[in-house]
Amino acid sequence: MKAAFSNIFRLGIKELRSLWADKVLLGLIVWAFTGAIYSSAKGVSQELHNAPVAVVDEDRSPLSGHLVNALTPPHFKPPRYIDFGEMDRVLDQGIDSFVIVIPADFQRDYAAGRRPTIQVNIDATNMSQSFIGASYIRNIFASELEEYSTHRRDENISPIRMVTHVRYNPNLTGYWFGGVMETIESVNMLTIILVGAAFIREREHGTLEHLLVMPLTPLQIMMAKIWSNGLVVLIGAAIAVVGIVEGALGVPISGSIALFLCGCALYLYSAASIGIFLATLARSMPQFGLLCILTVVPLQLLSGGITPRESMPGIIQDIMLGAPITYFVRLAQGILYRGAGLEVVWKDYLAIAAIGALFSILALLRFRRSVTLTQI
Amino acid sequence: MPPIARVDSVSLRYGDVKALEDVFVEIPAEIMVGLIGPDGAGKSSLLALISGARRLQAGRIEVFGVDMKGATHRAQAQPRIAYMPQGLGRNLYPSLSAAENVDSFGKLFGLRAAERKTRIDELLAATGLADFRDRPAAKLSGGMKQKLGLCCALIHDPDLLILDEPTTGVDPLSRLQFWALIDTLRARRPGMSVVVATAYMEEAERFDWLVAMDAGRIVGTGRPEKLKGKSANLEEAFINLLPEAKRKGHRTLVIPPGPKDGTGWAIEAEGLTMRFGEFTAVDHVDLSIRAGEIFGFLGSNGCGKTTTMKMLTGLLQPTEGRARLFGREVDAMNPESRRQVGYMSQSFSLYGELTVFQNLDLHARLFNLPRDRIKGRVSALMARFGLEACADLSASALPLGMRQRLSLAVAVVHEPRLLILDEPTSGVDPVARDSFWQQLATLSREQRVTIFISTHFMNEAERCDRISLMHAGKVLASDTPAALRAAQGANSLEEAFISYLKKGGADRLPQAAMPAAPRAAGKSASSFSISRLLGIAYRESLELRRDPVRLSFALIGSVLLMFVLGYGISMDVEHLRFAVLDRDHSPESRAYVRHIAGSRYFVERRPITDAKSLEVRMSAGELAIAIEIPPGFGRDLRIGRHPEIGVWIDGALPYRGEMALGYIRGINSQYVGDMIIERKGNIPPPVEISLRYRYNQDFRSIYAMVPAVIPLLLVFIPSILMALGVVREKELGSIVNLYVTPVTRLEFLLGKQLPYVAVSMMGYVALVLQAVFAFGVPVKGSLAALTFGTLLYVMATTGLGLLISTFTRTQTAAIFGTAIATMLPAVQFSGLTTPVSSLDGAAYWAGQFFPASHYLVLSRGVFTKALDFSDLTAQFAALAAFIPVLTALSVSLLRKQET
């Protein structure tokens, strides 16, 4: 037993030395945990932000100008004025997401109580902006008109007042969310590719065969790969959460980072097992590359980190229950944003460990066979 | 006659290592010239420089009077040169058949189809490969691979044939056949010059003129008789040419006699059989090897020696039969049984990135040597195998002979009782081989280690106590070398061996004479040739077709992903879980809750009991929205006191939070509006704001997402397919064909790209059919415009993969780099969920400079906005601009010579 642990330790150290020798790979890992996270968190926001608006103002009255000027950053880009004829083009090309048409004589008709119509054309192919943006425009115009006619803002006339509190992220700042999700994606992609490719490389270079004539078991070889590559990724994840998300991005973390990193370590085991399993399926590096893409892409996109799980069809939700990343995303959100403790997330821990165990058993079953497959 | 090649003060360094130092030599034309010398002498480097495969660093080389430095000059000489690099079949394409390999080389030299066909038939017949023309190169034996390599080299009828150790690792019979073939060729084409590097001194004796090299310098040139001088043979003469310091360590090897009998059996194998599918690699082999014996294993390439050895180590499970080591059954599953065996595989299989010391130390620890003994053991081994000087060098930096010594040191680190060595001296020079055998002798005679060794060198076989001859999976004979010689009445073991093989049915000396070849046409090296480009494309597509797994992964995989992603990525926010903390329990409060629960966006959960449980249930992520209705809500509402409702929203997912906020406000104002109408009658608002959702009136994700998933899939899959295109050739060695043939970089890259563009377009067709028929998302605009745009797009995305492939060195880095370079920009910066125009800073520019963002507009535009060619000129222009830029970058990063 002691010998087994010492073997796993030794082989893992070897693995770290190999990784250290590949400076290009190291550079890519560093980028994945720093620059990639920062640029994606800062640059992309799913809330209404900088939405491009164009206005066809056929009235050119003080009132129409007043309405248009009410559409301000950060939600909207400063509106552009265009001609009516250009409307189709800008929407077709996706240049503007909203085109507002204010009819001629709008101010006069409004004053005369003739109920003029403002038309808001929305590019409904931009799912994330169109609905939220439309309701913003409607609310902004309604209160501007109210203010224009009564010269006061009065929200108290409603018989029921609604006081909304947004918890965990009061201003619904997008990058609070994006930073952590991007970290999870980097962890996922790196672990699967690193561990799987390391396995195939040893197989192609014949060193794996060499290990198999020594008093080592496939389990020891696998565990060595998992702990060493996992350690590198775990350090990367810690740097990403503490240095980038909390440090550079200034996101307040409400829960325990240590608890999150424990979950991360568990997840690494699970993802690494998937990586090795994929490597035992592929006969060559090109096949492994394709398999990786075919696995990593749906894992990333359907984890619940890009779009909410509730929105997915039931069947997809059920399939994704078999993927450890679903639980990892859930526990990360729970711990880091909502400050959840172990008593809340233990089930996710358990699920990740169980799926990891399943894949490592599958990989183990195919281990020897896959070594002979490449040799023929 | 002028020399065929003139090498003038040429030096070459690899980093700090000097490979060639101020070499000057004039190689005579129209004869057979041999290069001899120990490992690391610089033979291969010199040949690579002459052929133009490696970049010249210092000095001057002229071939056919042409300066090999400039690319344009080189292009004049290269069509007249053929170069066969070191390694069995290293420049062949393993999945292509013999005939296809030769054909693809013909295309590289611009030969016409009819011409190619006659040449291929002639060459394959002359080399005895005609029966194997449809067999993949990977499945040919080593000797056949070398003959095939020769066919490929000769297809364009070169004036200078450069062969780098063509017979290393080839069995004696095949070697004999190979040289017979060369002789026939030269008889037919007396004008052809041949330059050969070899490790076999007995081969070198047959050459017309020799160049002896050592440590990057030339130590002697001339006819073999001249070099031999007074020495008995060339091997001895060569050793005498070496500097004093190197000669000192060498002495004639004498191995004391081995044990006679009665010491027990180390290996006993009975009826050992291994089948791979239909093919029987090892057919009922019996072996019995005495403890302490040196037992040699000889046989033609691919006869099953390696497979037999692997079965004995437990790496392979025999299909039939049994093997015992020291009386115990071989058990692959029992690691403990491996402690008594040391194994050295045919190819170098230590960790190249670790140092000599680290490799030894690692293996000592993995064999669980006691901690206090490891240090002593490792330093003793380093002293014994002469590795002390290079203890801190990485293993990959060692010359071949040193590496083999390190491998042997590693194999004996745990003091095994049995060593299984699979061609340990292949490619190792005579001096290094002798010192290797010295070590073996010591191990065997002094430490009583049993040695089971396979080799192609007859003088090594002579040193064994007993040998077995194997052919086509069967053992033909086993006895002492002397007895085997006597049994065949042969003078040498080599003769005996060949005679056994011929009896075993291995006699396939080529019978067909080599017809006089017509001077091949198409020799002028034009700067750009469509036919060469198509030749590369044809070869690449053949290789792709031979890997149906990859092809089906690519096609079925993308269809499968489309299903999952098309349905799965949904921006519709529905089924938001909410619960109510109702402190009022009045009819009004219940009506209000019913109203919210009636919305299709919300799903009601069991009521919240108190503030504490609201806290807990939200932090567990169970609730997206919590609503608190204060006491007295109903009463306040009735008397018009504006009661206040508290709403808590989970903001952990900002997008979902934003949508939830919008929904709940909308529902509230609707409820309030209804109340006002009920009380006061209908008062129309002063301004009508009419919202017109265009292109997607139902506001369903699928119409927005399916056209957006297509761009994702058409960047991920084509780029990863392409990304290994060049780097794999770099790792496997066939890239050398780019270096030494007239193919230009542009032809090479575009030719490689073409098949992948075609595969990607097939994928596109499948995806569109799926979108229309499976998802019911119609193509409203011009299908022709979409197809044209897609063609531009996949040319750009494969171009991206190609670019990554040209500058990475390993396949791992290429896969990794492609994943990083495509995943983030495609998912985040291309407008999949957030339009590019709303991105900030670097993300915005990343989106602009990534083809997916432009194609996404195009795809969505044609699918949902009914756009036509004229609406999409900006997108076409942007996509088209990527193609020349990416190609130019790839061309500039790809080397036409090894550096």
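This is a short walk through a predicted model with chains A and B.

Let's start with confidence. Chain A has a mean pLDDT of 85. In that chain, 95% of residues reach 70 or more. Where in chain A is confidence lowest, and where is it highest? Among the elements, the low end is helix α7, residues 127-150, with a mean of 79. The high end is helix α11, residues 257-281, at 93.

One stretch of chain A needs a flag. Over residues 152-156 of chain A, pLDDT stays under 50. The model has five contacts beyond four places in sequence for that stretch. Where pLDDT is low, the predicted coordinates should not be read in detail. So please don't build on those contacts.

Now the domains. Chain A splits into two. Domain 1 of chain A takes residues 7-44 plus 173-375, and domain 2 takes 53-150. Their C-alpha centres are 47 Å apart.

Chain B is assigned four domains. Domain 1 of chain B covers 5-248. Domain 2 is 265-346 plus 413-503. Domain 3 is 530-566 plus 699-893, and domain 4 is 576-680. Between domains 2 and 3 of chain B, the C-alpha centres lie 51 Å apart.

Next, the contact between the chains. Chain A puts in 124 residues, and chain B puts in 125. Which element of chain A gives the largest share of its side? Helix α12 of chain A, residues 285-302, with 15 residues. What is the make-up of that side by class? On chain A we have 63 nonpolar, 45 polar and 16 charged residues.

The chains also meet through strands. Strand β5 of chain A, residues 161-167, runs parallel to strand β24 of chain B, residues 644-650. Seven bridges join these two strands. For a landmark, find Thr164(A), which stands opposite Val647(B) in β24(B).

A further sheet draws on both chains. This open sheet has five strands, in the order β2(A)-β1(A)-β3(A)-β4(A)-β25(B). Its pairing is mixed. Why do β2 of chain A and β25 of chain B each have one side without a neighbour in the sheet? They stand at the edges, each with a single partner strand, so one side of each is left without a neighbour there. In residue numbers, that is 80-81 of chain A and 688-694 of chain B.

Last stop, the β2(A) end. Strand β1 of chain A, residues 53-57, pairs with β2(A) in the parallel sense, over two bridges. Val55(A) has Tyr81(A) as its bridge partner in β2(A).

Methods:
Residues numbered from 1 in each chain as written. Chains lettered and ligands numbered in written order. Predicted model: local features only at pLDDT ≥ 70, side-chain atom pairs only at ≥ 80, totals over all residues. pLDDT = per-residue confidence, 0-100. Helix = DSSP H or I, 4+ residues; strand = E, 2+ residues; numbered from the N terminus. Contact = placed C-beta atoms within 7 Å. Domains from an automatic or database assignment. Nonpolar A, V, L, I, M, F, W, Y, C, P; charged D, E, K, R; others polar. Pairing = 2+ DSSP bridges.
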